[in-house]
Structures are given as structure tokens and as C-alpha cells.
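I opened the model to look up its cores, its salt bridges and a few single residues. My entries follow in the order in which I made them.

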Amino acid sequence: MQFSGGRWKKLRLAGDQRNACYPHSLQFYLQPPTENISLIEFENLAIDRVKLLKAVENLGVSYVKGTEQYQSKLETEIRKLKFSYRENLEDEYEPRRRDHISHFILRLAYCQSEDLRRWFIQQEMDLLRFRFNILPKDKIQNFLKDSHLQFEAISDEEKSLREEEIITSSSLSGAQLEMESVYKIPFADALDLFRGRKVYLEDGFAYVPLKDIVAIILNEFRAKLSKALALTARSLPAVQSDERLQPLLNHLSHSYTGQDYSTQGNTGKISLDQIDLLSTKSFPPCMRQLHKALRENHHLRHGGRMQYGLFLKGIGLTLEQALQFWKQEFIRGKMDPDKFDRGYSYNIRHSFGKEGKRTDYTPFSCLKIILTNPPSQGDYHGCPFRHSDPELLKQKLQSYKISPGGINQILDLVKGTHYQVACQKYFEMIHNVDDCGFSLSHPNQFFLESQRLLNGGKDNKKESTQPETPQPKPSVQKRKDASSALASLNSSLEMDMEGLEDYFST
């Protein structure tokens, strides 16, 4: 892909050639674009792709993925940004071309760090899932072939021979199986289904119903995209040497993966004697369980200290407060003060950017907690909705005084792997609101939104140590507050994008 500063020539292709370039509304992005584009188009495509992926992220934590409401709202966003989304639409060449080129532009911006790659891969996977779910059944086999996936639908005769085994392993009824395509897939590509005992195996092949094949396709896409981003990162210096592109890519990569909550303007507003009360009122479950474990055991392993320590830093604890907080707790566990100073103080100062490379570490996002460093025996970090046994999670929610009906709603969301939506539902239940009015993506966001709600929209005050008055049952005013919060979120995103557009136009 080459760039020019002024006018450029688009490829003029006949109808058959245009269709051959982009035969489907979705793709694995296996081949990079080769045409020339102008810098103006480069910038516009980058902005629109970021808007699309931010919409994918926000909708994914506001609605259950795959539901009619989620699908409808995402389709509206895609149509508004003029990207491809559905087969059999007229004149789809330009939307598919925009989709293809913009994906590769953002690879350049989001290959630069682990966090950026993780965010980009997750949103692209959710976008692919949406598009695959609305792909007509008669187009699936061609899409798999074009994506170099050796998955073939078996004949009705083969399906009849294995009907009983497939029904037993997949939980489909006989009537459902009759209407469902079944794919013959190499065993190695279906390991996740095998681990969950959700697939029938025979002679080294897995027989996978259509409803389950999307998980395998997404795993293949993740692996290919992850490898591609690593290769892109290695060749990035050559791209960054172009003074026209470097500032654009840096601005993209540093601005739109969500707020990092590293500086809140509330440093020092939280006192140490407030933390116990705040942990029950305003901490998300992941931090609430870490605080409880620390108070009970007077110790946390490294993963827990990192996750919880950076969260506390984000809500306003100063370095001096953090050193005092951890030292007091560890000494209660019979640790010698000198041993703490020698073995733990350095790590705390390091997390505040005062030691080592002087990196000022930011609190972990929900995505990072869910996808990386799963807890092992004796650990308390991670996401309770992602990493807890369902029965233990149920007991924990009962101890938090969540109603039986509320617990069932949360467990249903967890069963569907909608972990952030489950946490959002928990927020609504402990704060007694019908709609929290924001898309949850960060533990520190949970805390800030909780404090705003409990304090009537005001920031937390250090001198305010008394429990808040219990909130009344949701009312018209509550719903207005929720709607206002949602409008504020959308307005903030639009302002961000306008700022990016202004940056590109200067």
C-alpha cells in the first residue's frame, strides 16, 4: 500500500473483478491491500475504523452479544460508517474495500504493545463473530475455503450415520440436528470443544454443528491475527521512518483503547481508614475479593498485589499511603518490617514509576484481567465472573446480599461468557438502579461511577467517612441519571473522535 499527498487513482475494475477482490462481507485479512491511496483517505479510513471498533467494544459490554438488540445496534453502526456487514447487498465493493484497507491501517497503529494488540484482536474477533452469525448458510462453505480453513460440511447420509453420537455430544435435539449443518474438522482444531466434552470424535476428526463452529473460526482468526501483528511490529521501524505516517499512527494508538485511569486528579483524596467501607460500597467484585483476602490472610501473591495495588493507585492512594497500607497489613501477618522494606517496598515504588525504568504503571482493565494471568491455587486475582467456579460465585454473591433472582441473572450471563455484562448487572443490583447508564470496561470506572452515584454526582471527599444513606428504589430521576450518563459517554466518544479528526486535518 502506497500513499500520496494529493489526488490519486483508484483501481477501476469490471463487475466480475470487483466481486473477485472481495467475495464476502467478512474475511480473515490474509492479503494486504496493494493499491495506492492518498493520505487523506488513509486518515479518514483510520478514523472510521477506530469509531467502528469502539462501537463494537461499547455494545459488547452494554448488551449480551448475539442478542437481537446487540445485532441490530451494531448493524446500525456499521451501516452508518459505510463498512461491509451483510451478503447479497448491491454495490458492496466500496464498503468491503474500506473494511479491508482500514483493518490493515490499524494493524500499524495497534501492533506496538501487548495491551494495544489485545484490545485490537478482541474487537476484531467480535466484529467477525457478528458478520459470521448473519452469513447465509449457503455462503459459509465458500467463506471457509477462501479463508484457507479445511472444514467441510458432511452429507446428510454421513450425518444420519452419526446422528445419535452428535446429538449426545452437542446437546442438539434430533429435529434441530436435521436442520443444522455439521462440519468435519481436524481434531487439533477443536480442542476447546473436546475439553468441554461438547463434540463427537472419530478417526482423528471432530464432527461440529454449525452453532459451535464459530468458536473454532474465531480461534483460528485470533491465532492468525496475533501472528500477523507480531510480524507487523517487527517491520514497524520502516513505516515509522515515514514522517507523514508516524504522528498519525502514534496518535491513534495512544488515544482510543479507553481511559487508562492512571491520573484521576483525586490523588490523596482517599484515606486509608476509608478503604474497608469503600470496598463493600464501591469496589467491583474482583477488587472486593482481593481486599477481603488481604485482610484475612495479611498477604497477597504477586498477581494479586499488582492487580489490587494499581487499582488503589488509580482511585487516589499516594505512594506514601500505599507503602503504609501494604506494610501495616503484612506486619499483621507476622512479617518482619525489615523484610517488608527489603522485599516489597521496591515493587510498590516501581509500580509508581519511582524505580527501575521509571514506568508509571496503569491499573488493569477488565479485558486484561479476563484474558491474562489466570489465578492458580492460593491466588485471589483475576475476574470472579471469569475464573470462579459457578457454585463458589453463587455463594459469594449471596454473601454480598444479591437477591436469588439477581444471582440467577448474573449466573446466566456468566454461563454465556458475558463477564463484563455480568459485572455491570452486579453494579446495578448493589446500587439499586435499573440501568447503570455506562458500558463497563475497567474496575476503576466501576469505582468512579459508584462514587458519583452515591455522592449525588460529586467526587469523593477525603473527609467524608460516614456511610452513605441507602439509595431509594429506582425512580424517574434514576432513569434520567442513567440516560444522562449514557448520553455523556456517547458525547465523550464523539468529542474524542472530533479531536482526532481535527488532529488529522491540521
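**Lys313**

I began with Lys313, which is buried at a relative accessible area of 9%; buried means under 20% relative accessible area, exposed over 50%, and partly exposed in between, with a 1.4 Å probe and protein chains only. I placed Lys313 in helix H15; helices are DSSP runs of H or I with at least four residues, strands are E runs of at least two, and both are numbered from the N terminus. The side chain of Lys313 reaches the backbone oxygen of Ser351 at 3.0 Å. I took this as a polar contact, that is, a pair of N or O atoms within 3.5 Å, where within protein one must be able to donate a hydrogen and the other to accept it, and residues adjacent in sequence count only if both atoms are side-chain atoms. Leaving out residues up to four places away in sequence, I found Lys313 touching Ser351, Phe352, Asp360 and Tyr361; contact means heavy atoms within 4.5 Å.

**Basis of the entries**

The model is predicted, so I note that local features need pLDDT of at least 70 and side-chain atom pairs count only at pLDDT 80 or more, while totals for chains, interfaces and linings use all residues. Residues are numbered from 1 along each chain as its sequence is written, and side-chain values use heavy atoms, with hydrogens and water left out.

**Whole protein**

I counted 25 helices and six strands. Of the 506 residues, 47% are buried. The protein exposes about 25,700 Å², of which carbon and sulfur atoms supply 49%; accessible areas come from the Shrake-Rupley method with a 1.4 Å probe, and for residues only the protein chains shown count as cover. Among contacts between residues at least 6 apart in sequence, 71% join residues at least 24 apart.

**Cores**

Which residues touch the most other members of the largest nonpolar core? I found Phe132, Phe143, Leu144, Phe151, Ile213 and Ile217, in a core of 65 residues. Helix H11 (residues 210-240) gives the most to this core, with ten residues. A nonpolar core is a set of buried Ala, Val, Leu, Ile, Met, Phe, Trp, Tyr and Cys residues joined through side-chain atoms within 4.5 Å. I then listed the contacts of Phe143, leaving aside neighbours within four places in sequence: His24, Leu26, Gln27, Phe28, Leu128, Phe132, Leu135 and Ile217. A second, separate core has 54 residues, including Cys286, Tyr400, Leu413 and Phe438.

**Salt bridges**

A search of the whole structure gave me 32 salt bridges, each a side-chain nitrogen of Lys or Arg within 4 Å of a carboxyl oxygen of Asp or Glu.

I looked up Glu202 and Arg162, whose side chains meet in a salt bridge at 3.1 Å, N to O. Glu202 lies in strand S5 (residues 200-202) and Arg162 in the loop between helix H7 (156-161) and helix H8 (163-170), so the pair ties together parts 40 residues apart in sequence. Glu202 is partly exposed at 21% relative accessibility, whereas Arg162 is buried at 12%.

Next came Asp379 and Arg301, which form a salt bridge at 3.6 Å, N to O. Asp379 is in the loop between helix H19 (366-371) and helix H20 (384-387), and Arg301, 78 residues apart from Asp379, is in the loop between helix H14 (285-297) and helix H15 (302-315). Asp379 is buried at 19% relative accessibility; Arg301 is partly exposed at 43%.

For Arg349 and Glu355, the closest N and O atoms of the salt bridge are 2.8 Å apart. Arg349 is partly exposed, with a relative accessible area of 26%. I also noted that salt bridges sharing partners join Glu35, Glu41, Glu94 and Arg97 into one network.

**Ser345**

Is Ser345 buried or exposed? Ser345 counts as buried because its relative accessibility is 5%. Ser345 is in helix H18 (residues 345-351). Not counting residues up to four places away in sequence, Ser345 touches Leu323 and Phe340.

**Asn408**

Asn408 is in helix H22 (residues 404-415) and is partly exposed at a relative accessible area of 43%. From C-alpha to C-alpha, Asn408 and Lys394 are 8.6 Å apart, with their positions 14 residues apart in sequence numbering.
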